[in-house]
Each structure stands twice: as structure tokens, then as C-alpha cells.
Amino acid sequence: MKKQSNLSRLLAYAGGHKILTYLSWILSAASALVALVPFWYIWKILKEVLDAAPDFEEAEQITRYGWMAVGFAILAMLVYIGSLMCSHLSAFRIATNIRIRLTHHIATLPLGRIEQFGSGRLRRVIAETSGSAETYLAHQLPDKARAISTTVGLLILLLAFDWRLGLLSLLPVALGFAIMAKMTGKSMQRKMTEYQNALADMSNEAVEYVRGIPVVKTFGQTIYSFKRFKKSIEAYETWAIAYTKELRLPMMFYTLAINSVFVFLIAAGLLFTRDGVSDRFLLNLIFYIIITPVISLTLTKLMYLSENAMIVNDALQRIDSVLEMPSLETEGAPAHPKDSSVEFRDVTFSYDGNKNALSHISLRIEAGESVAFVGPSGGGKTTLASLAARFFDPQSGSVLVGGVDAKRIGKEELMNTVSFVFQNSRLIKASILDNVRLAKPDASEQEVMQALRAAQCMDIIEKFPAGVHTVIGTKGVYLSGGEQQRVAIARAWLKNAPILILDEATAFADPDNESRVQAALTELAKERTVIMIAHRLSTVVNADRIYVLRDGALAESGSCRELLDSDGVFRRMWQEYRRSVRWKVAKEAETI
């Protein structure tokens with residue numbers, strides 16, 4: 001199958017505006033040819049002056065030629081404006097359709113894949129990458145048609161008046177093209193991809209850094225604790241400097257070549273006038289000196305257009321990287337959960353296809369049971385819980401929700417069955433009412449208030465004059481981490497899903513907020529199947545069953561008492577936890 005060109009792929013998003021793109025090229029090319037007409041009138045003015053010299057009063061046509069040159073220059077400008085109007089209308093439509101398709105597709109993706117891709121990268125693909133395609137269509141393609149048309153018109157002009165001077169003018173152009181081809185070849189395409197990757201990494205890490213600022217303030221960390229952000233900036237710096245040095249010599253020779261036309265013309269003038277100067281030759285030489293700067297300008301424009309074509313090629317590849325991510329599809333005949341149980345059958349999962357994050361995990365959580373996933377960092381706790389919500393699909397094995405394979409449950413029904421509260425729950429810039437209502441858009445204000453009471457949020461509501469209608473994130477209205485967590489719990493309470501996943505839900509709460517969050521979670525967990533993920537072991541002592549995960553495998557399981565009586569991973573973790581608590585209490589006592 002023949003691969004579509006980048007232009008064909010972009011125009012596929014144009015709909016009925018495609019004709020405007022073609023029209024913009026025609027108008028742009030026409031404006032370029034019209035823009036060369038004033039040069040012909042300049043030649044005629046020069047001829048009139050030389051023919052009339054020294055009696056310049058006989059040069060009666062200069063004024064008419066001058067106004068004709070001005071008229072054609074204005075006409076060229078108007079035609080070019082018409083070209084840009086057509087190209088922009090089409091480009092805006094194409095960029096809009098690309099963004100709509102991207103956002104619609106992203107809405108169908110598993111949440112885990114979205115988190116793995118990175119919100120910063122997604123934002124850049126939707127906004128900046130599609131914007132590159134818009135710029136390419138709105139400006140660069142019309143400019144390309146204009147540059148090609150200018151080149152053809154210049155070739156005719158250069159050879160029409162004096163073919164010898166014309167050929168000499170083209171020698172530095174040929175040299176410039178040769179150097180340009182060297183700079184804009186496959187190596188340049190690879191470098192452009194590296195450049196865009198570096199920008200994407202910085203954008204993604206910048207977003208994560210900004211989100212992590214509350215943690216920096218809470219724990220007194222420095223900016224250097226965000227090593228990935230700092231590393232991405234340093235990597236870009238290293239790449240940019242190396243790339244600049246690599247292109248330094250080629251760019252110097254290219255600039256020298258395209259600006260050396262005058263050298264060739266002066267040499268030709270000295271050579272061809274050894275036996276005297278004719279008026280005709282002098283006329284053509286002056287004309288060529290006037291018109292040759294257009295050559296270097298056109299050639300430079302073509303070079304940058306080649307670079308922009310690489311940018312749009314890279315942009316389309318990044319758009320494809322999102323569109324090619326598989327959607328969350330229901331497999332087989334649709335089925336409905338029978339209860340709120342969760343079961344993992346010989347589940348193996350890998351993020352990158354190399355190292356397994358989970359290996360052959362099998363366990364069953366009964367309906368209404370409260371369990372905890374604990375273990376060292378990187379053991380697979382969050383990954384295993386994410387599979388229950390179908391943030392990812394395992395490479396082998398199956399995840400059953402309510403006795404049914406999660407892949408057979410419709411996306412909306414699964415989201416209504418499983419609710420989750422993360423350690424960094426996010427609220428949008430909207431009222432508290434609307435933030436809670438995200439879980440159930442048709443909920444009444446009375447239902448939202450009931451959820452807020454259950455989540456211990458009334459102290460938050462009462463401190464604002466507008467109450468539940470207070471808009472978060474505007475006019476200095478911000479909530480602490482613990483307060484945000486309680487609003488997120490209210491959202492989960494309103495959703496009323498039978499299965500609840502709590503991922504370090506009290507991690508960043510201060511003591512006062514922690515007690516309120518714990519009370520809210522206790523209320524939320526009633527008559528639900530609860531999966532808790534925790535590092536703070538005191539929060540899981542009352543769980544019906546504790547599963548200890550280490551290196552992606554199930555190390556042991558049992559009640560808290562059973563695990564403490566055995567000499568296993570959990571007992572060692574508990575002893576370390578108790579020592580850390582005693583050390584903290586001792587340090588606090590020393591400071592009093």
C-alpha cells in the first residue's frame with residue numbers, strides 16, 4: 001500500500017475547506033510573479049535614463065513606469081493577502097479537526113496509558129504539535145508556492161536580459177543549494193526528532209515539577225530534588241550547543257555563497273568591459289545588481305521551508321503516537337458484574353514489554369472485604385490495583401470484577417463499579433459543587449451536600465462566604481492537600497461505586513486533616529469492597545487481609561496478626577516502621 005504524503009494526511013482533516021488550500025497556492029504563486037513585474041519597470045526606467053542622458057528631460061516615461069511599478073507591487077501584496085486568508089481559513093479548520101480527533105481518542109484511552117504518556121507530552125501534542133501543522137498550512141505552503149514561482153520568474157528574468165550575467169548569478173545559487181542539501185538531509189531529520197523529543201521531555205517534566213511544588217514546600221526540599229526536570233534541561237542544553245557547533249561551518253559557507261553574487265557580477269563587469277562599456281551592458285549590470293538580493297532571500301526562504309517540512313513530519317509522527325494508542329475496547333459479548341468481588345488470575349503485566357512489573361499474581365477479594373496491598377516501593381502495589389480499574393490490561397492472565405472479565409464490562413459501567421482516591425487527587429478550577437458533581441453530573445445540590453458532610457468537608461464549606469459555590473483556584477481561594485483529599489472523597493462518596501481503591505489517600509495530610517480524612521474514609525468504606533495501598537502500616541492493621549507484594553510477586557498474605565506471627569516480609573516491615581515512629585517521637589521530644 002502506498003504511503004500517504006504528509007500533505008495528503010493533513011488535507012484529509014480539511015473537509016470542505018480543502019479547495020481553499022489549493023486556491024491559496026495559486027494566489028501565492030500568482031502574487032510572486034506579479035511582484036517581479038516592478039523589476040521589469042525598474043529596468044525600463046534605467047533604460048530611459050541611460051537613453052536620455054545627458055538630457056534627462058527627454059526621459060518622459062519615468063513617471064508612468066514608476067507608477068506602474070508601484071501599482072503592480074500593491075497588486076502583488078493584495079493577491080498575497082487573499083492567499084493568506086484562504087490558507088488560514090483552511091489551516092484553522094484542519095488544526096481544529098486534528099485537536100478534536102485527538103481529544104476524542106484520548107477520552108477512549110485507558111487512564112494508565114494517559115498517565116504513562118505524560119500530561120505534559122499530551123498537552124504539547126494537542127496544542128503545539130497540531131499548531132505546527134497549522135503554521136505549515138497557513139504560512140509555509142503558500143510561501144513555498146511563492147518561492148518556487150519566484151525562482152521560475154527569476155530564472156526567466158536572469159536569462160532574458162543577458163544570459164552571461166544570468167548564468168554567473170546562478171553559480172552561487174547552485175553552490176548554496178548544494179550546501180543546503182547537506183544541511184537538510186536525513187541527518188537533519190534525525191536531529192529535528194531529537195530536538196522535538198528534548199522539548200517534549202522538558203514540557204512534561206515542567207508540568208510534573210509544578211505539580212510537585214506543594215511537596216517541596218511541605219518537606220523543605222530544594223529544586224535539585226527534582227532531578228528529572230533539571231536533567232531534561234541540561235540534556236537540551238547539551239544537545240543545542242552540540243547541534244549549533246555542528247552547523248556552524250555549513251551555515252557560514254551557505255551565507256557566504258548566497259551573498260557572493262555581487263563578487264561574480266563585479267568580476268564579470270571587469271572581464272566583459274575590457275574593450276569598453278556599452279550602454280546596454282551597463283544597463284543590464286545595474287539591473288542584475290538590483291535584482292540579485294531577491295535570489296539570496298528566496299534561497300534562504302526555501303531552506304527554512306525544508307526545515308519546517310521536517311517539523312511537520314515530526315509533528316504528524318507525534319500525533320500518530322497518540323492516535324495509534326489502542327482504545328479501551330470491550331472484548332467479547334458485554335457482561336455485567338454479579339457482585340463487588342475482585343479476582344486476579346495468574347496476572348502478568350509489563351509497562352515496556354521487557355521487565356515484568358507483576359508476575360503470575362493470583363488472589364481473590366470477596367465482596368465487602370477490606371484488603372491492603374503493602375510492600376517495598378516498586379513492588380507492584382499500585383500497578384495491581386490499577387488493573388482492577390482497568391487502567392491497563394495484563395499481558396497474560398485475567399482480572400475479574402464481580403465474577404466477570406473486566407474486558408467484557410462496558411467502560412462506563414466499569415467506572416461506575418470501581419471508584420478510586422489517589423494520594424494526589426486533583427481538583428479542577430471550578431466550584432466545590434461542580435468538582436464533587438464530576439462523579440455524578442445529574443446530582444442535585446442536596447445530594448452533593450450530603451456527600452460533603454459524609455466526607456467531613458463542612459468546615460471547608462463554612463469558611464467561604466459563597467459556601468459550596470466557591471470557585472477553587474481563583475481570587476486566592478486554594479485548598480490544602482488534606483482539604484483537597486476530603487473533597488475528592490466526597491466525589492467518590494457521591495459516585496457510590498461498590499468497589500473502592502485507596503492509593504495512599506492520607507499520604508500528604510497534616511495531623512488534623514489526617515484524622516478527618518480517616519473518618520471520611522471510614523464512612524466511605526462502609527458496605528464496600530475496599531483495596532488500600534499504604535506505606536504507613538498503622539492504616540492497614542484492621543484490614544480483613546493484607547497482601548505483601550515484592551518485586552512484582554505475591555510474597556505473603558494473611559491478617560495483620562497472622563503476618564506478625566510469621567517471620568516474613570511484613571514482620572520486618574512492621575519492625576522498621578515501629579522503629580521509625582519511635583525515632584520521630586524521640587526527635588520531637590528533643591525539640592520541645
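# Helices, sheets and two buried serines

In helix α14, residues Glu 447, Val 448, Gln 450, Ala 451, Leu 452 and Ala 454 meet Ala 490, Trp 493 and Leu 494 of helix α16. By residue type, this contact divides into seven nonpolar, one polar and one charged. Please keep in mind as you explore that the model is predicted.

## How two helices meet

To describe a pair of packed helices, one gives the angle between their axes and the distance between those axes. Let us try that here. Helix α14 covers residues 445-454 and helix α16 covers residues 481-495; their axes come within 8 Å and cross at roughly 125°. The two helices are therefore oblique to each other. The crossing of α14 past α16 is right-handed.

## The six-stranded sheet

Next, look for an open sheet made of six strands. Going across this sheet, the order is β6-β7-β8-β3-β9-β10, and the pairing is mixed. Which strands stand at the edges? They are β6 (418-421) and β10 (553-558), and each has a single partner strand, so one side of each has no neighbour in the sheet. From one strand to the next, the twist averages 20°.

Strand β3 is a good place to zoom in. Is β3 enclosed or open to the outside? Five of the five residues of β3 are buried, so this strand is largely enclosed by the rest of the structure. The side chains take two directions: Ser 370, Ala 372 and Val 374 point one way, while Val 371 and Phe 373 point the other way, and all are buried.

You can also follow β3 to its partners residue by residue. Ala 372 stands opposite Met 532 in β8, and in β9 the bridge partner of Ala 372 is Ile 546. A further residue of β3, Val 374, faces Val 548 in β9.

## The four-stranded sheet

There is also an open sheet of four strands, in the order β2-β1-β4-β5, with antiparallel pairing. The edges here are β2 (358-365) and β5 (404-405), each of which pairs on one side only. Between β1 and β4, one facing pair is Thr 348 and Ser 396, the latter in β4.

In general, the strands of a sheet pair through backbone hydrogen bonds, in either a parallel or an antiparallel way. Here are some of the pairings to look for in the model:

| Strand pair | Sense | Bridges |
|---|---|---|
| β3 (residues 370-374) and β9 (residues 545-550) | parallel | four bridges |
| β3 and β8 | parallel | four bridges |
| β1 (residues 342-349) and β4 | antiparallel | five bridges |

## A helix that meets both sheets

Now find helix α11, residues 381-388, which lies across β3, β6, β7 (499-503), β8 (529-533) and β9 and runs at about 140° to β3. The helix α11 also lies across β1, β2 and β4, and runs at about 120° to β1.

How many of the eight residues of α11 are buried? Seven of the eight are, so α11 is largely enclosed by the rest of the structure. Those buried residues are Lys 381, Thr 383, Leu 384, Ala 385, Ser 386, Leu 387 and Ala 388. Just after α11, you will come to Arg 390, which takes a positive phi of about 60°.

## Two serines to visit

Ser 398 sits in strand β4 (residues 396-401). Is Ser 398 buried or exposed? The relative accessibility of Ser 398 is 16%, and because buried means under 20%, Ser 398 counts as buried. Setting aside residues up to four places away in sequence, Ser 398 touches Glu 343, Phe 344, Arg 345, Val 347 and Asp 405. Take Phe 344 as one of these: Ser 398 and Phe 344 are 54 residues apart along the chain, and their C-alpha atoms are separated by 6.2 Å.

Ser 31 belongs to helix α2, which covers residues 18-52. This serine is buried too, with a relative accessible area of 0%. What does Ser 31 contact, leaving aside its neighbours within four places in sequence? Ser 31 is in contact with Ala 76, Val 79, Tyr 80 and Arg 146.

Terms used
Residues numbered from 1 in each chain as written. Predicted model: local features only at pLDDT ≥ 70, side-chain atom pairs only at ≥ 80, totals over all residues. Heavy atoms only, no water. Axes fitted to C-alpha atoms, helices over the stretch in contact; angles between N-to-C directions. Parallel < 35°, antiparallel > 145°, perpendicular 65-115°, else oblique. Left-handed = near helix turned anticlockwise from the far one by under 90°. Contact = heavy atoms within 4.5 Å. Nonpolar A, V, L, I, M, F, W, Y, C, P; charged D, E, K, R; others polar. Pairing = 2+ DSSP bridges. Buried < 20%, exposed > 50% of the residue type's maximum accessible area, 1.4 Å probe, protein only.
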